[in-house]
Amino acid sequence: MTSVGKALVTYLITQPGACDTADAIVQWWFETEYYVSPTELQKTLDRLVEDGLVEASTAADGRIRYRRRAELGALRAYLESA
């Protein structure tokens, strides 16, 4: 697991209703002093989707939004596996 993955999963545990585009995630989900490159974020989001922890859905405007898919226990297990 990367530090970006850990940060994303931690955010989703504390903000279970969060749902944003990759651009908004970079801007709002990370602390201002923590830089995340868009490429690294996208790779991490793709992996979390593949692992079933995050869901990607295409909105009416055509942009992909990401949100929590997994139950709390699965998210915590992901963090503990690091």
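Trainee: Why is Trp29 called buried or exposed here?

Mentor: Trp29 has 8% relative accessibility, so Trp29 counts as buried; buried means under 20% relative accessible area, exposed over 50%, and partly exposed in between, with a 1.4 Å probe and protein chains only. Keep in mind that this is a predicted model, where local features need pLDDT of at least 70, side-chain atom pairs count only at pLDDT 80 or more, and totals for chains, interfaces and linings use all residues. Residues are numbered from 1 along each chain as its sequence is written, and side-chain values use heavy atoms, without hydrogens and water.

Trainee: What makes Tyr11 and Trp29 an aromatic pair, and how are the rings arranged?

Mentor: Their ring centres are 4.5 Å apart with 20° between the planes. Rings of Phe, Tyr and Trp (its six-membered ring) pair if their centres lie within 6.5 Å, and planes under 30 degrees apart count as stacked, over 60 as edge-to-face and the rest as tilted. So this pair is stacked.

Trainee: How do you know that Glu55 and Arg67 form a salt bridge?

Mentor: Their closest N and O atoms are 2.7 Å apart, and a salt bridge is a side-chain nitrogen of Lys or Arg within 4 Å of a carboxyl oxygen of Asp or Glu, so the pair qualifies.

Trainee: Why is Glu50 called buried or exposed?

Mentor: Glu50 has 61% relative accessibility, so Glu50 counts as exposed.

Trainee: Which residue forms a salt bridge with Glu50?

Mentor: That is Arg47, with the closest N and O atoms 3.5 Å apart. Arg47 also forms a salt bridge with Asp51, at 3.3 Å.
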